[in-house]
Each structure stands twice: as structure tokens, then as C-alpha cells.
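Thank you all for coming; I would like to take a few minutes to walk through one model with you. Please have the sequence and the structure open while I talk.

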Amino acid sequence: MEKRAFVEDLRMVFCSLGAGVRRYAARRHLDASTLTRYLKGDRIPQWDFVATLIADLREIGSPITVEAEQRIRELHREALRSNKPASKKQKLEDQLAAADEEARRKRAHAQVLEEALLDRVQRLTHVEARCHGLVVELEQQTLAHQAEVDVWQGEYEDLGRECDELQQEINDLKEVLAVTQAELIAAENHCHMLESQLETVQGLWQEAVGASSLMAALEATDRSASVPELVTVVSDLELRTQRAMASELVTSVSKSRPVAEVAALLAGLDGAGLGAHAKAALPVLVLTRTISDLGSLTAELDRLGLVECAAEVLQAAVELHTAQDVVAFASALELNRLTEHVVVLLGAFCATRPVPDVLEAVTALAPTSVGGLLTQGLRSAAVERSASDIVELSRGLGAAGWGSLTDELQAAAVAARPATDVTEIIESLSRHGLLQDADFVFDSAQSRSTGHLVALVSALRMVRNHVAAAAVLQRAARTRRPGDIAGLINDLHATGNQKLACDVLIEAAASRSPQDFLAVLGALDEGHRELDWVLNHAARTSSANDAALLFRAVDGVALAEQAELVLTCTLKERPTGHAGHFLSILHRSGTAALEERALLARARAMPPTAVASLALALASADLDEQLDVVLRGGGAEREAAEIAIMLRQMERADSQNAPMSGRIFDRLVCVFLALWQVEDLARLVLDLQAASLSLHAATLVQRASAHHKGAFTSSLHRERTKNEQKVLSTRFWRRERAGGGRSVRIPPAGGTSAEAGPGENRRGRHRRTQGS
């Protein structure tokens with residue numbers, strides 16, 4: 001009985017295909033006789049054959065229902081069970097089919113898990129990239145500071161080793177000195193003994209020969225010899241290796257002879273190659289002669305071309321004379337019209353003597369005619385002296401009321417010293433309460449090259465004076481030429497100060513005219529191709545106000561591509577709240593990018609994930625009109641698959657703020673209801689359910705049902721059932737002949753096609769279908 005029922009249903013399914021036995025056998029590479037035996041019931045086919053028939057029926061657009069397929073499977077199983085040899089095989093096939101169904105279910109679940117895993121991996125990659133950027137920036141700053149620490153540590157270690165070596169040398173020298181002092185005492189005693197013996201012998205010899213001593217001759221020469229004779233005597237003494245005596249003779253002559261003769265003697269000695277004796281005599285000459293004589297002597301030496309001797313006189317005066325004597329010497333030189341020598345004298349004095357001496361000399365010279373040359377002397381001090389000395393000089397000059405000299409000193413220091421020294425001077429002046437002087441130095445330092453500005457900013461940041469560093473960059477962005485601003489940005493970028501480079505660009509955008517700002521951007525793009533980089537970095541790191549300012553400035557100079565870069569980077573890289581604040585600022589300023597036409601074009605061109613980010617940003621800024629435009633172009637005009645991607649991305653990005661994504665979907669539903677027909681809405685509901693967005697589908701069903709009433713419900717029902725095939729329908733169980741209009745009914749199961757009526761057969765089949 002089971003076999004006959006199965007064969008009847010098998011024939012019905014086969015007849016629904018509309019193909020003959022031989023044609024179908026040829027299509028599936030079967031023996032026609034085998035197929036005939038299957039349809040007559042002489043042989044029970046394998047389930048693969050039945051499954052192939054059902055699949056072929058589905059391909060031609062007339063699929064059977066799941067219930068009918070299940071019924072045929074059960075009849076096949078019962079038919080095989082009645083056929084004992086095949087029952088075990090069928091059982092195995094059923095087990096294989098169940099295992100295959102379980103495998104497909106597991107495969108679908110694995111695909112869902114793979115999608116979730118891919119999403120988490122992408123999010124992890126993004127977060128790791130941001131973390132890596134922060135780590136790189138931290139490492140760059142650490143390396144910059146560590147390099148400076150290493151330099152100072154190296155210098156500290158070198159100084160420590162040098163101190164140890166010097167201490168060892170001191171100890172060794174102390175030991176040698178003790179030994180040498182003992183030897184000196186012995187040598188002195190021996191010299192005294194020899195001197196006594198020499199005096200005795202010399203007295204006896206003088207009495208014997210009646211001749212004068214050599215010293216007597218030299219004394220006579222000192223008193224009466226002319227300059228050429230003196231030069232000759234010194235030369236003879238040099239030849240006799242009596243160099244000390246020759247130097248003593250020159251010194252003695254220099255102390256007593258007129259200035260003109262002294263100058264002539266020094267010139268003669270220099271011409272005879274005996275300049276060393278002349279230089280040896282100069283320190284004593286400077287100490288013993290009057291200041292007036294020194295001025296005249298320097299003038300004579302300058303006239304005779306003895307530059308080195310004149311320099312020795314100036315150096316000795318700086319080293320040996322008091323501040324008052326140096327002041328008098330400078331006046332004497334000025335009287336002799338030796339202005340250049342006065343500048344050298346004052347420069348050496350201000351650069352080497354203690355600060356109190358310098359202040360004393362400045363106080364004495366400032367009211368005189370030489371006071372105008374003090375500025376040049378102070379410039380030497382600004383170059384040579386330490387930063388602490390410069391601050392001390394500034395305090396002393398300021399207390400004495402010489403503000404102009406203070407400005408000259410500080411300006412010269414700023415022009416000649418490195419940025420670290422300038423920073424130290426500023427900090428020291430501030431600590432001592434000289435705030436005006438500190439401001440003056442700070443202002444003067446900003447007039448140097450852009451390279452010096454970068455070094456100055458780095459030095460200020462090292463001492464944690466970030467406010468002053470920002471003021472330097474702000475002033476440069478406001479006052480420098482566009483080319484200098486571009487160079488400053490490039491230098492900051494090259495030294496690892498990317499954030500500061502962006503700050504300079506933003507300040508230029510805020511404070512300069514559109515023409516100047518366009519020139520800055522042109523110089524950046526032309527010089528080192530840094531424009532896109534700095535705009536991208538500024539959009540990723542700046543505040544929403546600064547990013548909006550930069551966008552408006554770039555858009556205002558008609559650089560549409562660069563403005564789009566700032567806008568896209570801000571919306572893509574920054575958090576939703578930041579992007580929303582950015583868009584809110586642009587909306588208040590009336591930016592054309594947020595107008596309906598521009599937003600609609602942007603939404604149509606964006607991928608679904610970018611549309612989700614833009615929609616969240618607009619929602620956070622309460623820009624509902626703009627949000628509706630984006631939802632229309634990026635949602636209502638898209639395919640269902642893209643809408644599903646957008647909704648998933650929106651939920652994922654809005655995980656901490658679920659009400660926002662829900663509010664956006666509510667507005668999206670409003671757009672759907674306004675633009676779509678009920679048939680489209682019904683299809684969208686099914687697509688959302690297929691994409692596992694059941695909550696969204698339920699919300700859409702509720703809103704559409706309330707809006708379109710029964711029309712939507714009917715359309716949704718038609719969409720859900722349009723592909724279902726009714727087991728008892730005429731369409732499924734009957735077919736039209738190819739050549740005529742008469743329908744042919746397939747005999748029912750049980751062999752009662754001639755006796756039973758149509759209604760009875762349908763009812764019996766219906767009962768079997770429900771039971772299955």
C-alpha cells in the first residue's frame with residue numbers, strides 16, 4: 001500500500017515537469033526502461049532520483065511545498081521499509097541527509113560567526129592603528145628628550161672623568177711641588193754661596209784689571225745710548241744667550257725713556273727680529289707708565305704699524321688696570337683718535353672683567369664722549385659672557401638707569417646666542433622680576449629665522465613654558481610672510497612637532513587674509529608637498545572649532561579638493577560627538593557643504609558605512625533637516641542590502657548610545673513612508689528579516705501598517721506567500737497539454753482513478769499532507 005502511494009505521488013511530480021520519459025532519461029543520463037520501472041512501481045528508486053525531480057520542478061518555477069516534499073520523503077521511506085533489502089540502506093541515507101542538513105546549518109552559523117569575527121578584527125585593527133600612532137608620537141617625544149638627556153649625561157660623565165684626572169694631577173703636582181720646593185731651598189742656598197764667592201772674585205778682578213762690570217756698562221747704555229745702539233746691544237746679548245739680561249735692558253729703557261723713543265725702540269726690535277723682548281717689556285711698561293703715556297704710546301705704535309704691540313698694550317691694560325684706569329685709557333685713546341682701539345679695549349674689558357668692574361666702567365664712560373662706543377663693547381659681552389652674567393649686567397644697567405644700553409646688550413645676546421641660551425636668559429630675567437626685560441628678549445628672539453624659532457619653541461617646551469612656545473608660533477603665523485610660515489611648518493614637521501605645525505596652519509587660517517592664506521598653502525604644496533599631510537593631520541588632531549575654521553578657510557580660497565579632505569577626514573577619523581560639533585559649527589556659518597543639494601550628492605556617492613557615520617554625526621548635532629536629506633540619498637535610494645549594512649554599522653558605531661541609532665531609524669522610516677510604495681515597503685521588511693534585523697523589520701511593519709492600513713498588510717502577505725506552492729492547488733497538481741486546451745488529471749494514489757471522484761481524492765491527499 002505504501003509503495004503504491006509513493007509511486008502515485010512520484011508520477012504526479014514527474015508529470016508536472018512536462019517532459020516525456022525518454023526526454024527526461026536523456027536529460028539525466030538514465031536508462032529509459034529504468035525510469036519506466038520507477039514510474040510503474042516495479043522498482044523503488046533511490047532518494048537522490050526523487051530529490052532531483054523535486055529540484056527540477058523548482059527550477060521551472062513550480063516548486064512543491066515543504067509539507068508535500070516531507071510527505072513524499074515519508075512515503076519513499078515506507079516503500080523502502082516494505083522492501084526489506086533496501087531498508088538498511090535507506091536508513092543510512094536518511095542519516096546522511098540529516099547529517100548534511102546539520103552540516104549546512106553549522107556552515108550558515110559559521111558564516112555568521114566569520115562576519116562577526118571580521119568586523120571585530122577590523123575594529124581591533126583601527127583601534128590598534130590609533131594606539132600605534134599615539135605610541136609612535138610618545139616614542140618620538142621620548143627619543144627627543146632622551147637624546148638631550150644622553151648629551152647632558154655624556155657631558156656630565158666627561159666632566160666627572162676630567163675632574164678625577166685633574167684631582168689626580170693636583171695630587172701629583174703637590175708631591176712634585178713639595179720635592180721642587182725642597183730642591184729650590186737647596187738651590188737658593190747654593191746661589192747665595194756662589195753669589196758671595198762671585199762678588200769676592202769680581203771685586204778682586206775689578207781691582208786687578210781696573211775694568212767696569214757688564215752691568216755698569218748696561219746701566220750706562222740705558223742712560224746714554226741711542227735707540228740704534230740699544231738695538232745693537234740687545235742683539236749682542238741675544239747672541240751671547242743673555243736673553244734675560246736683554247729683556248731687562250728693554251724693560252728698563254721702556255720705563256724711563258720718552259714715549260717716542262720707546263716706540264722707536266720697540267719698532268727697531270721688531271724690525272731686527274727681537275720682537276719677543278719688546279712684548280716681554282710691555283706688561284711692565286703698562287704698569288709703570290702713566291695713562292697719558294700709554295695713550296700716546298699706542299698712537300705711536302699704530303702709526304709705526306706695530307699692530308701686535310698695540311694689541312699687547314690693550315690686553316695688558318684690560319688685565320692689569322682698574323676700571324677707572326681703563327676708562328681713562330679709553331679717553332686717552334679717543335683723544336688720539338684711535339676709535340677702533342677704544343672699541344677693542346671696551347669689548348675685551350666688557351667680555352672678560354667681572355660684572356661689577358664692567359658696571360663701574362659703564363657708569364664712568366656713559367656720560368663722556370666715549371659713551372657712544374659702549375654699545376659695541378657690550379655686544380662683545382653679549383657674545384662671550386654666560387647667560388647669568390648677561391642677566392646680572394642687565395640688572396645693573398637697569399638699576400643705574402641705562403635702559404638703552406640694556407636693550408643693546410639684550411638685543412645683541414638674542415642675535416648671537418643659541419635658542420637654549422635665549423630661553424635661559426628669559427627664564428632668569430623672569431625669576432629676578434625683570435618682566436619687561438624678559439618680554440623684550442622674548443620679542444627680539446622672534447625676529448630671527450624660522451629655524452631659530454623652531455629651536456626657540458623646543459627650548460621653551462623643554463622648560464615647560466608651553467604658553468610662551470605657543471605665543472611664538474602664534475605671532476609667527478600672524479606676522480611672518482607666507483613663505484616663512486610655510487617654512488616654519490615644514491621645519492616643525494621635520495623635527496617631529498606635527499601638532500605644532502598644524503597649530504601654525506590653523507592660526508594662519510584664522511588671522512591672515514584669504515590671499516595670504518592661499519599663498520601659505522601654495523608654498524606648502526610647492527616646496528615640500530606637505531599640504532595634504534598637514535591638512536589631514538590637523539583634521540585628525542585639532543578641536544572641532546579649529547577643524548571647522550580650517551575647512552572654511554580652505555573652502556574660502558576655492559581649494560575644493562583640500563576642503564573635501566578636511567571634511568572627509570574629520571567625519572571618518574573623529575568620534576561621533578566631535579564630528580557632530582564640527583558639522584554644527586559649519587551649519588551655523590552657512591557652509592555650502594551642508595546645503596540640500598550638496599548633502600544629497602554626497603550621500604548618494606558615499607558607501608553605506610560612511611552614510612552611517614555621517615547620519616550619526618548629524619543626529620548628535622540635532623541637524624534633523626540635513627539628516628533627512630542624507631537618509632533619503634544614502635538610504636531610501638539604496639538597495640535593501642546596502643540599507644542593512646548601513647543599519648548594522650549605525651548600531652555598531654552607536655553601541656554606547658542606542659537611542660540615537662533608534663531615532664535615526666525612526667526618521668529613516670518616515671522617509672520610506674513618504675517615498676516608497678507599499679509593495680517596496682513589504683519587500684524591505686522581508687529583506688530586513690533575512691538580514692537578521694528583526695527589530696527594525698518589526699518597527700517598519702508597525703509604522704507602515706499604521707500609515708497605509710490594510711494595503712500594506714495585504715501587500716506584505718502577498719510578498720511572503722507569492723513563492724509558496726499549495727499542495728492541493730490546481731497549479732501544482734495539474735498542467736496544460738502543450739497542444740490542446742483540455743486538462744488531464746493525474747490518477748490519485750491507491751489505483752481508484754476511475755471510481756473515486758475528484759473531491760474525495762483531494763480530501764484524502766489533504767489528510768495525508770496534514771499528517772505528514
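Let me start with Cys 131, which counts as partly exposed because its relative accessibility is 39%, where buried means under 20% relative accessible area, exposed over 50%, and partly exposed in between, with a 1.4 Å probe and protein chains only. Cys 350, in turn, is buried, with a relative accessible area of 2%. The structure holds 0 disulfides, a disulfide being a pair of cysteine sulfur atoms within 2.5 Å.

Before going further, I should say that this is a predicted model, in which local features need pLDDT of at least 70 and side-chain atom pairs count only at pLDDT 80 or more, while totals for chains, interfaces and linings use all residues. Residues are numbered from 1 along each chain as its sequence is written, and side-chain values use heavy atoms, with hydrogens and water left out.

Cys 350 comes up again with Arg 385, which lies in the loop between helix 17 and helix 18, helices being DSSP runs of H or I with at least four residues, numbered from the N terminus. Arg 385 counts as buried, at 7% relative accessibility, and its side chain reaches the backbone oxygen of Cys 350 at 2.7 Å and the backbone oxygen of Arg 353 at 2.7 Å; a polar contact here is a pair of N or O atoms within 3.5 Å, where, within protein, one must be able to donate a hydrogen and the other to accept it, and residues adjacent in sequence count only if both atoms are side-chain atoms.

Finally, the buried residues of helix 18 include Ile 390 and Leu 393, and Arg 385 touches both Ile 390 and Leu 393, contact meaning heavy atoms within 4.5 Å.

Key
Helix = DSSP H or I, 4+ residues; strand = E, 2+ residues; numbered from the N terminus. Lists of a residue's contacts leave out its neighbours within four places in sequence.
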